[in-house]
Amino acid sequence: MRSFFSKYKLFGIVFLLLSTVIMYLFYNALQPKKMLPIYQPSMVNPELVAPEIQYIKKYHTIADFSLVNQNGKIITQADYQDKIYIADFFFTTCPTICPIMTKNMAVIQERLKNEDVLLLSHSVTPEIDSVPQLKKYALKNKVDDSKWNLVTGDKKQIYELARKSYLAVKTDGDGGAYDMIHTENFILVDKKRRVRGFYDGTKMEKIEQLLQDVVLLKASYNK
């Protein structure tokens, strides 16, 4: 009789555990999946958005561009078509935040080496950052040419991209000779050229968040 009750008790415990697991799985299945926001100019700090686009609430995308990379190759939006990518703005002679940002971008490059995710770093001093200068910087920082483009070119174009496309820096400038932008922002861009996140490129905890968000973004294309 004791053996019978022991088996009954064991059966009850197993049943309770299985029921708990099933309920947990069912609960998780019903939870809404986390989705990254699609940033529009109207959602961003007005200081980072040109007045003429502050009203935009949908359809904002990164503008077309034509710049030159560390190998002298012309890089356009076509090179990033249907790709997730991470963008930033730097200059090779920067003594402050840029070395940290470049180091962290190299970490991202390594962590995503087997992923179909690209990197794009824009020089904000294109008059100094010639192709040979960028190549020297790329070699020093072990840039993978197949994954990471360091680009230079027309200053006004680069500054307009920073301010009106990536929404990454303050808008008080015209891209002229005395204009200078400096931002720690890394920007996550999806396959439709939409901004999906901003991250402080000098802080490792934000890099980890960026990498987690890349996973989320990639998963959204597998549904």
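The largest cavity in this predicted model has a volume of about 40 Å³. The structure holds 1 cavity of 30 Å³ or more. To display its walls, select Lys34, Met35, Leu36, Arg196, Leu216, Leu217 and Ser220, which line this largest cavity. Colouring these residues by class shows a lining of 4 nonpolar, 1 polar and 2 charged residues. Next, highlight helix H5, residues 204-220: this helix supplies the largest share of the lining, 3 residues.

Proceed now to helix H2, residues 97-111. Helix H2 has 15 residues, and from its first C-alpha to its last it reaches 21 Å, close to the 21 Å expected at 1.5 Å a residue. Within H2, select the buried residues: Cys98, Met101, Thr102, Asn104, Met105, Ile108 and Gln109. Because these residues cover an arc of only 165° around the axis, they lie on the same side of H2. What, then, covers the buried residues of H2? The covering elements include strand S3 (84-90), strand S4 (117-123), helix H3 (131-140), strand S5 (148-151), strand S6 (185-189) and H5. Helix H5 thus appears at both stops, in the cavity lining and in the cover of H2.

The final stop is isoleucine 74, in strand S2 (residues 74-76). Is this isoleucine buried or exposed? Isoleucine 74 is exposed, because its relative accessible area is 52% and exposed means over 50%. Select Ser66, Leu67, Val68 and Asp79 as well: leaving aside neighbours within four places in sequence, these are the residues in contact with isoleucine 74. Lastly, draw a distance between the C-alpha atoms of isoleucine 74 and threonine 152; the two residues are 78 residues apart in sequence and 9.7 Å apart in space.

Methods:
Residues numbered from 1 in each chain as written. Predicted model: local features only at pLDDT ≥ 70, side-chain atom pairs only at ≥ 80, totals over all residues. Heavy atoms only, no water. 1 Å grid on protein atoms, 1.4 Å probe; cavity = no way out; pocket = protein on both sides within 12 Å on 5 of 7 lines; lining within 4 Å. Points joined across faces, edges and corners; volume = space filled by probe spheres on them. Helix = DSSP H or I, 4+ residues; strand = E, 2+ residues; numbered from the N terminus. Nonpolar A, V, L, I, M, F, W, Y, C, P; charged D, E, K, R; others polar. Expected span 1.5 Å × (residues − 1). Buried < 20%, exposed > 50% of the residue type's maximum accessible area, 1.4 Å probe, protein only. Arc of directions from axis to C-beta. Contact = heavy atoms within 4.5 Å.
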